[in-house]
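Colleague: Can you walk me through this model?
Modeller: Yes, here it is.
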Amino acid sequence: MEWLSEFGAIAAMQGFNGLSVFCVLLLMALGLAIIFGQMGVINMAHGEFLTIGAYTTYVCSSLTAHFAPSFQPYYFFFAIALSFLVAGAVGWLVEWAMISRLYKRPLDTLLATWGLSLVMQQTFRSVFGAREVSAEPPAWLMGSVNFTDAIEIPRNGLFMMGLTLLLTATIFLMLYRSRWGLQVRATVQNRLMSRAVGINTRKVDRMTFALGCGVAGVAGAAFTTIGSTGPTAGSQYIVDTFLVVVFGGAQSLFGTIASAFLIAQTQSLSEFFLSGSMAKVLTLSSVILILMLRPQGLFSIKVRK
Amino acid sequence: MTAVGFEMKKPVLAIEGLTVSFDGFKAVDNLNLYIDRNEVRVVIGPNGAGKTTVLDLICGKTRATSGSIQFDGQELTKMREYNIVRAGVGRKFQNPSIYENLTVFENLEMSYPAGRKVWGALFFKRSAQVIARVEEVAREIFLGDLLQQQADLLSHGQKQWLEIGMLLMQDPELLMLDEPVAGMSVNERAQTAELLNRISQGRSVLVIEHDMEFVKSIAHKVTVLHQGKVLAEGSMESVQSNPKVIEVYLGH
Amino acid sequence: MKALDKLLGGQQNLIGIMLLAVLILVVFPLTLDAFRLNMVGKYLTYAFVAVGLVLCWGYGGILSLGQGVFFGVGGYCMAMFLKLEASDPQSTKIQSTPGIPDFMDWNQITELPWLWQPFHSFTFTVFAVIAVPVLLAFIIGIALFKRRVGDVYFSIVTQAIALILTVLIVGQQGLTGGVNGITDLKTLLGWDLRTDSAKMILYFISAGLLFGCIFIGRFILASKLGRLLMAMRDKEERVRFSGYDVASFKIFVFCVAAAFSAIGGAMFALQVGFMSPSFVGIVPSIEMVIFAAVGGRMSLLGAVYGALLVNYGKTYFSESFPELWLYLMGGLFIAVVMYFPNGLAGLWDSHGRQALAKLLRRKPAPKAEIAPVTPKAETKILETQP
């Protein structure tokens with residue numbers, strides 16, 4: 001019976017491993033679900049906003065270590081907020097300078113934001129160097145919690161999950177329970193009509209885009225607890241993230257969560273049997289296959305066109 | 001035409017028990033509608049009555065939840081859109097839907113029923129026959145002198161005619177027009193009525209329209225839709241004096 | 001005949017194609033040394049992809065972000081043949097299993113995999129170079145277009161396919177040579193590819209094939225199918241309800257673009273002497289789109305100039321100012337898309353042609369193939385939400 005409990009422990013840990021992949025994917029996807037799902041803008045530079053958040057956290061960490069070591073246990077909360085603000089502010093600028101001029105040409109937005117991602121990556125490289133940097137996580141995030149003798153769950157993973165839950169809940173409340181969310185959804189459904197009833201759609205667009213970017217920034221801050229940050233840290237996730245959003249059904253927040261979970265667990269569980277690269281091939285291929293069968297995504301509303 | 005009397009009586013389009021629901025909302029609800037050969041039928045009804053959805057269902061743009069649409073003995077609900085067109089159903093959209101970057105000639109040529117498959121289109125030749133047909137249709141839709149005009153330079157009314165012309169190129173047995181005179185001047189409306197009366201020779205026409213004067217000038221028979229169901233059907237006069245129709249239109 | 005005139009796109013375009021021919025077939029070979037000419041030859045192989053993209057993206061409105069897949073598959077097919085030829089038992093006798101490619105030996109593979117077997121035949125290889133990518137495009141096309149996957153989703157899915165193929169190639173080291181790719185390609189049917197004369201000949205073959213592709217592209221655009229592509233891009237519903245199977249036309253033009261890319265890939269393997277996953281993935285695929293965008297998405301000839309210029313710039317800057325290159329590339333991407341959606345060809349149409357005409361004291365030429373049509377295809381998402 002011993003092998004069975006051991007197998008169970010491995011499966012549980014693999015499952016938890018999948019949960020942290022799920023958290024990164026979901027945090028990335030949440031921002032994109034707002035930008036792509038709600039606004040229909042394809043932002044290929046979305047990964048770079050994650051990188052902005054990660055570097056912001058890194059800078060906070062270095063500054064704290066240098067100037068206020070005693071503040072070290074708490075800096076992380078400050079870093080999360082700052083990551084949100086910095087990424088959001090850059091997003092606000094990008095919307096103003098670029099995206100707002102391309103709303104009627106979605107495919108062109110895709111190309112222009114790809115150009116933007118190149119510029120941003122090179123900027124990171126010029127400022128922070130090509131080598132990966134690591135933010136010093138607070139001591140209370142290190143180590144792991146032992147549930148049983150065999151099952152150890154790392155604390156940073158738990159923290160990530162908590163943060164993901166909190167952020168998801170916040171976004172859900174904002175989109176579906178606040179006046180702003182109502183305006184966003186109205187604008188998405190009928191731009192002209194929204195304008196006619198007095199919604200400043202340009203402002204709504206800009207705020208929505210900035211919010212999506214800010215969420216990616218928070219994802220970046222969370223990202224520093226599980227990996228080190230390089231100029232291309234975020235861009236590695238861009239394809240997966242788009243697939244998550246598309247797979248879930250672009251306009252469904254619940255779909256995004258479910259599809260991030262499915263994709264992360266498939267990836268993680270198949271890694272148990274296959275090499276990492278083959279697991280990725282398998283996961284992505286199944287997503288594409290399912291998308292061919294259900295082009296509108298897993299969870300979508302049938303609407304009258 | 002070797003059609004015998006029995007053939008002539010059979011409706012060209014028979015819609016029976018047609019239902020479509022969007023997330024529980026029944027836009028069309030157990031609808032029955034029959035259109036005879038060479039008939040001009042106008043469908044009227046308040047906004048949201050399901051008029052455009054009925055056209056969408058016939059031409060395959062929307063798939064029915066249940067029910068059947070028989071056209072010339074073929075079941076349309078299971079056919080692909082392009083096969084429905086090839087079977088002889090032409091449909092004009094509510095907003096004029098033409099190719100703005102092409103000339104009037106090219107717009108009409110695009111609907112010429114040849115070279116409809118990949119290789120056919122690749123080796124399609126603009127034969128004298130094609131040119132003659134395009135010119136004939138262009139004259140019919142009052143655009144005979146504007147063949148080389150780029151389509152986006154046409155007036156709104158001319159664009160509507162052009163789209164009707166594109167359908168005529170296909171020589172459809174059933175022509176469906178969604179608000180053909182929307183945005184037209186009084187003169188253009190009269191011209192369009194004349195056009196419709198002319199092109200309805202030898203084919204059935206199904207029109208959605210709000211303009212009652214226009215409806216009077218073309219309709220053989222009028223169907224009133226309300227909440228996805230037929231509320232009344234008959235001649236224009238009988239429909240206009242129907243108390244149910246008056247209530248729906250004038251409110252409670 | 002009128003048909004021939006149409007094929008050449010009238011006098012103006014005849015001049016355009018002659019100018020390009022003179023540049024590629026006369027000016028470059030006379031002025032560049034063997035090394036630089038080979039480099040231009042390499043750029044020309046990218047031009048195949050760009051020409052294909054003009055057809056399917058510029059005219060058809062189908063933005064494929066996975067053209068590297070077809071370039072790669074074409075290239076790999078050719079590279080497999082060349083590798084087998086380079087791995088005869090004589091020259092691989094120091095391996096533990098002589099007669100198989102060196103990287104297989106390093107990966108403890110003792111027998112040539114079945115996938116490689118047919119590539120002993122040159123005839124099969126030439127066939128496969130085109131057939132395999134076209135088949136792949138056909139399958140992708142059927143699956144996506146028949147299911148009406150929207151334009152944006154199509155782009156994302158093709159990008160994911162590029163990622164999948166890269167991961168697959170890198171992961172299956174024993175079968176594909178992994179991240180290094182297939183290297184040390186030496187001879188083609190005994191003909192040494194590494195000599196200057198061979199490179200020169202390959203350059204001319206490349207150029208010839210490229211002009212072949214341009215003529216095919218011209219023919220397609222001048223046909224009714226060309227007009228249908230544009231009509232579909234702007235008013236897909238109208239085309240569908242005029243009795244056309246829209247998906248079949250999209251599949252066709254996507255397959256043509258795939259075939260062009262594959263020819264480019266095969267010529268790349270021949271001229272450069274290796275093939276690796278770095279020409280397959282997301283980044284190269286999207287770079288290929290920028291070649292077409294810079295040249296002008298609506299101009300077959302512009303695409304060639306775009307491929308030449310962007311790659312020349314890339315080589316020049318990454319040799320001299322490697323730091324600047326990504327800024328420049330990114331900036332170029334943004335500027336072209338935002339301000340010059342018709343690229344160089346569009347600029348030439350709106351400014352260059354008049355300037356030239358003034359210079360030659362002739363009346364400005366009437367507008368021809370490259371009409372500066374702003375792409376209207378891509379208005380779907382925001383405007384027409386119900």
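Modeller: What follows goes through the fold of one chain, its record and a core.

Modeller: This is a predicted model: local features need pLDDT of at least 70, side-chain atom pairs count only at pLDDT 80 or more, and totals for chains, interfaces and linings use all residues. Residues are numbered from 1 along each chain as its sequence is written, with chains lettered from A and ligands numbered from 1 in the order written.

Colleague: What does the secondary structure of chain A come to?
Modeller: Eleven helices and two strands, counting DSSP runs numbered from the N terminus (helices H or I, at least four residues; strands E, at least two). From the N terminus the order is α-α-α-α-β-β-α-α-α-α-α-α-α. Chain A is as compact as a globular protein of 305 residues, because its radius of gyration is 20 Å, close to the 19 Å of the globule rule. That radius is taken over C-alpha atoms, and the rule is 2.2 Å times the number of residues to the power 0.38.

Colleague: Where does UniProt place the "transmembrane region" feature in chain A?
Modeller: The unreviewed entry lists several spans, including 157-176 and 209-230; such annotations may be inferred rather than shown by experiment.

Colleague: How much of residues 157-176 of chain A is helix?
Modeller: 100%, with the end C-alpha atoms 28 Å apart. Residues 209-230 of chain A are 68% helix, and their ends lie 24 Å apart.

Colleague: New topic: what does V304(C) touch?
Modeller: Among others, L20(C), A47(C) and L210(C), leaving out residues up to four places away in sequence. A contact means C-beta atoms, placed from the backbone, within 7 Å.

Notes
Two residues are in contact if their C-beta atoms, placed from the backbone, lie within 7 Å.
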